[in-house]
Amino acid sequence: MKLSSAAYLLMAGNALAFQPTSFLRQQHFRKSLSTPSTSALSMVTTGPLKCRTIGIGSAAPKTIITNVDLESVVETNDEWIRSRTGISQRHVLLHPDADYDEEKDGEFESIRTLASDAARNALDMSGLSPEDIDLVLVATSSPDDMFGDATSVAADLGCTNAVAFDLTAACSGFLFGSVTAGQFLTNDGNSYKNAIVVGADALSRWIDWDDRNSCILFGDGAGAIVLSATDDVADAGILGSSVHSNGLGYKNLNCSLWGSHFYSSGHARYELIAAAYAGKARKVDTPGGGIQLSAGSYDNLAMNGNEVYKFATRQVPKVIKEALVAADMEVEDVDWLLLHQANIRIMDTVASRLGIPKEKIITNLSKYGNTSAGSIPLALDEAVRSGQVKKGDVIACAGFGAGLSWGSAIMKWGGE
């Protein structure tokens with residue numbers, strides 16, 4: 001039997017903390033929680049997780065917007081975008097009211113359909129059947145349903161024996177989700193044997209298409225990985241990991257609250273600079289003159305690009321080194337570097353600071369742009385299917401984004 005609902009919820013909430021850490025890492029963790037000025041408000045590391053990576057898949061919308069297309073939308077040009085970001089085009093989802101011929105173009109695309117297609121492709125590669133899957137985890141910040149898409153994806157796949165839930169960690173989502181799923185598969189005393197982790201986002205829904213600084217960056221897409229439990233630590237597909245978050249950096253990348261808002265949390269007082277919650281006032285005529293509630297809606301994504309760039313280039317090399325320490329490995333043991341596909345300059349800088357040659361960077365940023373939680377599995381899928389990544393290769397992965405959140409997992413590809 002699987003865990004009870006209560007046990008499962010407790011496990012999901014604490015999954016990242018289940019794996020034992022060294023005494024020194026525990027001391028660092030306690031210190032980081034008690035020191036508001038630190039860049040690591042939360043940090044957890046894990047050693048090897050006993051699960052194999054056996055399937056990978058991806059999906060992207062059919063509609064493409066090129067840099068040249070954007071020259072008609074905002075004041076920009078192809079060379080300017082490519083030289084500063086490494087992006088040449090991006091795939092985007094259409095609005096349901098768009099002129100769409102379902103008979104000719106097939107099923108209308110959405111985050112759910114992309115997530116299901118990516119997961120189905122990964123499942124096909126793994127050789128497992130939908131009934132073999134015990135856990136479906138969908139990492140997304142832009143679901144079709146505010147309550148989450150994971151259960152719909154699991155149903156679409158036919159994963160009738162699986163529990164499904166969503167995880168929100170923005171561009172770090174797929175990496176956080178993979179570590180979380182790995183904990184489910186590694187912990188003794190439960191029956192979880194196989195998991196699908198999906199990263200899927202449609203940030204084209206949440207950017208200002210009149211802002212040339214943001215609309216050039218983002219695209220829509222999904223990727224998925226199949227993890228399978230193993231009793232042999234030598235077969236582990238997640239060799240080590242380290243994850244962080246720091247809410248003090250929230251103001252630099254968000255899509256959440258309205259106006260300037262303050263709240264107190266223990267020893268710290270956070271100022272949340274809103275970009276985003278755009279709910280309109282809705283009066284409810286209760287006794288005494290009524291009250292003003294909010295009809296929910298979100299505004300556009302807001303990002304301080306310079307601060308996010310500095311954050312990524314400073315923290316990502318550190319977190320990859322932490323994950324390597326957790327895996328008892330060195331930089332020289334890494335075959336490939338796979339970062340969240342945000343900006344080619346970030347990738348080059350991180351590789352340089354780690355001493356990893358550019359030739360070892362896995363990237364498909366030029367074709368897809370920043371697909372948030374979808375970017376890492378989407379790039380890994382192409383690398384595996386093209387033969388670039390082979391069985392046994394060690395891949396240093398890192399995600400980073402809103403929250404602020406960032407983390408790294410050292411993966412070993414276990415598929416054929």
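**Entry 1: aromatic pairs**

I looked up Phe-184 and Tyr-192 and found that both are buried. I note at the outset that the model is a predicted one. I then counted the aromatic pairs and obtained three. Phe-184 and Tyr-192 make up one of them, edge-to-face, with 5.2 Å centre to centre and 65° between the planes. Together with Phe-165, these two residues form one aromatic cluster.

I turned next to Phe-311 and Trp-406, whose aromatic pair is edge-to-face, at 5.3 Å centre to centre and with 80° between the planes. I recorded that this pair links distant parts of the chain, since Phe-311 belongs to helix α10 and Trp-406 to strand β18, 95 residues apart. Are Phe-311 and Trp-406 buried or exposed? Phe-311 has 6% relative accessibility and therefore counts as buried. Trp-406 has a relative accessible area of 2%, so Trp-406 is buried as well.

**Entry 2: nonpolar cores**

I asked which residues have the most contacts inside the largest nonpolar core. They are Val-316, Ile-320, Leu-337, Leu-339, Phe-400 and Ile-410, in a core of 44 residues. At least two core residues come from each of α10 (305-326), β16 (336-339), α11 (344-354), β17 (394-401) and β18 (405-412). The most is given by α10, which contributes eight residues.

A further core of 39 residues lies apart from this one, and I listed Phe-165, Phe-176, Val-389 and Met-411 among its members. For background, I noted that nonpolar side chains in soluble globular proteins tend to be buried together.

I also examined Leu-337 by itself. Setting aside residues up to four places away in sequence, Leu-337 touches Ile-320, Ala-351, Leu-354, Ile-356, Lys-360, Ile-361, Ile-362 and Ala-396.

**Entry 3: helix α6**

I checked the span of helix α6 (residues 111-126). Its 16 residues reach 22 Å from the first C-alpha to the last, close to the 22 Å expected at 1.5 Å a residue. I listed the buried residues of α6, including Ile-111, Leu-114, Ala-115, Ala-118, Ala-119, Ala-122 and Leu-123. Thr-113, Ser-116 and Ser-126 are also among them. Against which elements do the buried residues of α6 pack? I found β2 (51-59), α7 (150-157), β7 (194-202) and β8 (220-229). After α6 comes Gly-127, with a positive phi near 85°.

**Entry 4: strand pairs**

I looked at strands β5 (residues 135-139) and β6 (residues 163-167), which run parallel and are joined by five bridges. Within this pair, Val-138 stands opposite Asp-166 in β6. I followed the chain from β5 through α7 to β6 and recorded a right-handed β-α-β crossover.

I then took β13 (residues 280-284) and β14 (residues 291-295), an antiparallel pair with five bridges. Here Lys-283 stands opposite Gln-292 in β14. The two strands form a hairpin with six residues between them, and Gly-288 in the turn has a positive phi of about 90°.

**Entry 5: Val-92**

I located Val-92 in strand β4 (residues 89-92). Val-92 counts as buried because its relative accessibility is 6%, below the 20% cut-off. I listed its contacts beyond neighbours within four places in sequence: Pro-61, Thr-63, Ile-65, Ser-204, Trp-209 and Asp-220. Of these, I followed up Asp-220, which is 128 residues from Val-92 in sequence and 5.1 Å away in space, C-alpha to C-alpha.

**Entry 6: positive phi outside glycine**

Most residues other than glycine have a negative phi. I therefore recorded Ala-170, whose phi is positive, near 50°. Ala-170 sits in the loop between β6 and α8 (173-186), and at 14% relative accessibility Ala-170 counts as buried.

I also recorded Asp-328, which is not a glycine yet has a positive phi of about 60°. Asp-328 is in the loop between α10 and β16. At 72% relative accessibility, over the 50% cut-off, Asp-328 counts as exposed.

**Entry 7: whole protein**

I closed with the totals. The protein has 13 helices and 18 strands, and 50% of its 416 residues count as buried. Among contacts between residues at least 6 apart in sequence, 73% join residues at least 24 apart.

How values were computed. Residues are numbered from 1 along each chain as its sequence is written. This is a predicted model: local features need pLDDT of at least 70, side-chain atom pairs count only at pLDDT 80 or more; totals for chains, interfaces and linings use all residues. Side-chain values use heavy atoms; hydrogens and water are left out. A nonpolar core is a set of buried Ala, Val, Leu, Ile, Met, Phe, Trp, Tyr and Cys residues joined through side-chain atoms within 4.5 Å. Buried means under 20% relative accessible area, exposed over 50%, partly exposed in between (1.4 Å probe, protein chains only). Helices (H or I, at least four residues) and strands (E, at least two) are DSSP runs, numbered from the N terminus. Contact means heavy atoms within 4.5 Å. The expected span of a helix is 1.5 Å times one less than its number of residues. Two strands pair if DSSP finds at least two bridges between them. A crossover is right-handed if, with the strands pointing away from the viewer, the path from the first strand over the helix to the second runs clockwise. Rings of Phe, Tyr and Trp (its six-membered ring) pair if their centres lie within 6.5 Å; planes under 30 degrees apart count as stacked, over 60 as edge-to-face and the rest as tilted.
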